[in-house]
Amino acid sequence: MATRRRGREVALQMLFQLDASDLTPDVVKQLYRACFAEGPLPDDFSVSLFDAVAGQISEIDSVIEASS
């Protein structure tokens, strides 16, 4: 059983990969599962967290740019 803390770590790792590459969110999830899956991860929680943030990445970037 995966902890929510570990689920957040997995989501952050996938978000880093998304930001550091030109890959789509679906490809990032597939690569994580193929290369770094540890037992039950990524679980539904980490995938839903990743999807929520990845779907709003341009809005989040705009807020960060306006604040810096």
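## Helix packing in a predicted four-helix chain

Helix 1 has 17 residues, which at 1.5 Å a residue should span 24 Å, and the 24 Å between its end C-alpha atoms agrees with that expectation. The model is a predicted one, and its chain holds four helices and zero strands, so that the order read along the sequence is α-α-α-α. The points below take the chain as a whole, then the three helix pairs for which a crossing is described, and finally some individual residues.

**The chain as a whole**

- Along its principal axes, the C-alpha trace of the chain spans about 40 × 25 × 15 Å.
- The chain has 68 residues, and 26% of these count as buried.
- When contacts in the chain are restricted to residues at least 6 apart in sequence, 58% of them join residues at least 24 apart.

**Helix 1 and its buried residues**

- Helix 1 runs over residues 4-20, and its buried residues are R6, G7, V10, A11, M14, L15 and L18.
- The cover over these buried residues of helix 1 includes helix 2 and helix 3, the latter formed by residues 44-54.

**Helix 1 against helix 2**

- The axes of helix 1 and helix 2, the second of which covers residues 25-36, come within 10 Å of each other and cross at roughly 125°.
- An angle of that size makes helix 1 oblique to helix 2, because it lies outside the ranges for roughly parallel (under 35 degrees), roughly perpendicular (65 to 115) and roughly antiparallel (over 145).
- The crossing in which helix 1 passes helix 2 is right-handed.
- On the helix 1 side the contact is made by R6, V10, Q13, M14, Q17 and L18, which meet P25, V28, K29 and Y32 in helix 2.
- By class, the residues of this contact of helix 1 with helix 2 comprise six nonpolar, two polar and two charged.

**Helix 1 against helix 3**

- The axes of helix 1 and helix 3 come within 8 Å and cross at roughly 40°, and the two helices are therefore oblique to each other.
- As with the preceding pair, the handedness can be stated: helix 1 passes helix 3 in a right-handed crossing.
- From helix 1, the residues R4, G7, R8, V10, A11, M14, L15 and L18 meet F45, S46, L49, F50, V53 and A54 of helix 3.
- The contact of helix 1 with helix 3 divides by class into ten nonpolar, two polar and two charged residues.

**Helix 2 against helix 3**

- Helix 2 and helix 3 pack with their axes 11 Å apart and at an angle of about 150°, and they are therefore roughly antiparallel to each other, because angles over 145 degrees are counted in that way.
- Helix 2 passes helix 3 in a right-handed crossing.
- The residues making the contact are P25, V28, K29 and R33 from helix 2, together with V47, F50, D51 and A54 from helix 3.
- In this contact of helix 2 with helix 3, five residues are nonpolar, no residue is polar and three are charged.

**Individual residues**

- S46 belongs to helix 3 and, with a relative accessibility of 0%, counts as buried, the cut-off for that class being under 20%.
- Once its neighbours within four places in sequence are set aside, S46 is in contact with G7, V10, A11 and M14, and these four are listed among the buried residues of helix 1.
- Q30 lies in helix 2 and counts as exposed, because its relative accessibility is 53% and the exposed class begins over 50%.
- Q30 and S58 are 28 residues apart along the chain, and their C-alpha atoms are separated by 22 Å.
- I57 is found in helix 4, which is formed by residues 57-67, and at 34% relative accessibility I57 counts as partly exposed.
- The C-alpha atoms of I57 and A20 lie 13 Å apart in space, whereas in sequence the two residues are 37 residues apart.

Definitions and conventions:
Residues are numbered from 1 along each chain as its sequence is written. This is a predicted model: local features need pLDDT of at least 70, side-chain atom pairs count only at pLDDT 80 or more; totals for chains, interfaces and linings use all residues. Side-chain values use heavy atoms; hydrogens and water are left out. Axes are lines fitted to C-alpha atoms, for helices over the stretch in contact, and angles run from 0 to 180 degrees between N-to-C directions. A crossing is left-handed if the near helix is turned anticlockwise from the far one by less than a right angle, and right-handed if clockwise. Contact means heavy atoms within 4.5 Å. Ala, Val, Leu, Ile, Met, Phe, Trp, Tyr, Cys and Pro count as nonpolar, Asp, Glu, Lys and Arg as charged, and the others, Gly among them, as polar. The expected span of a helix is 1.5 Å times one less than its number of residues. Buried means under 20% relative accessible area, exposed over 50%, partly exposed in between (1.4 Å probe, protein chains only).
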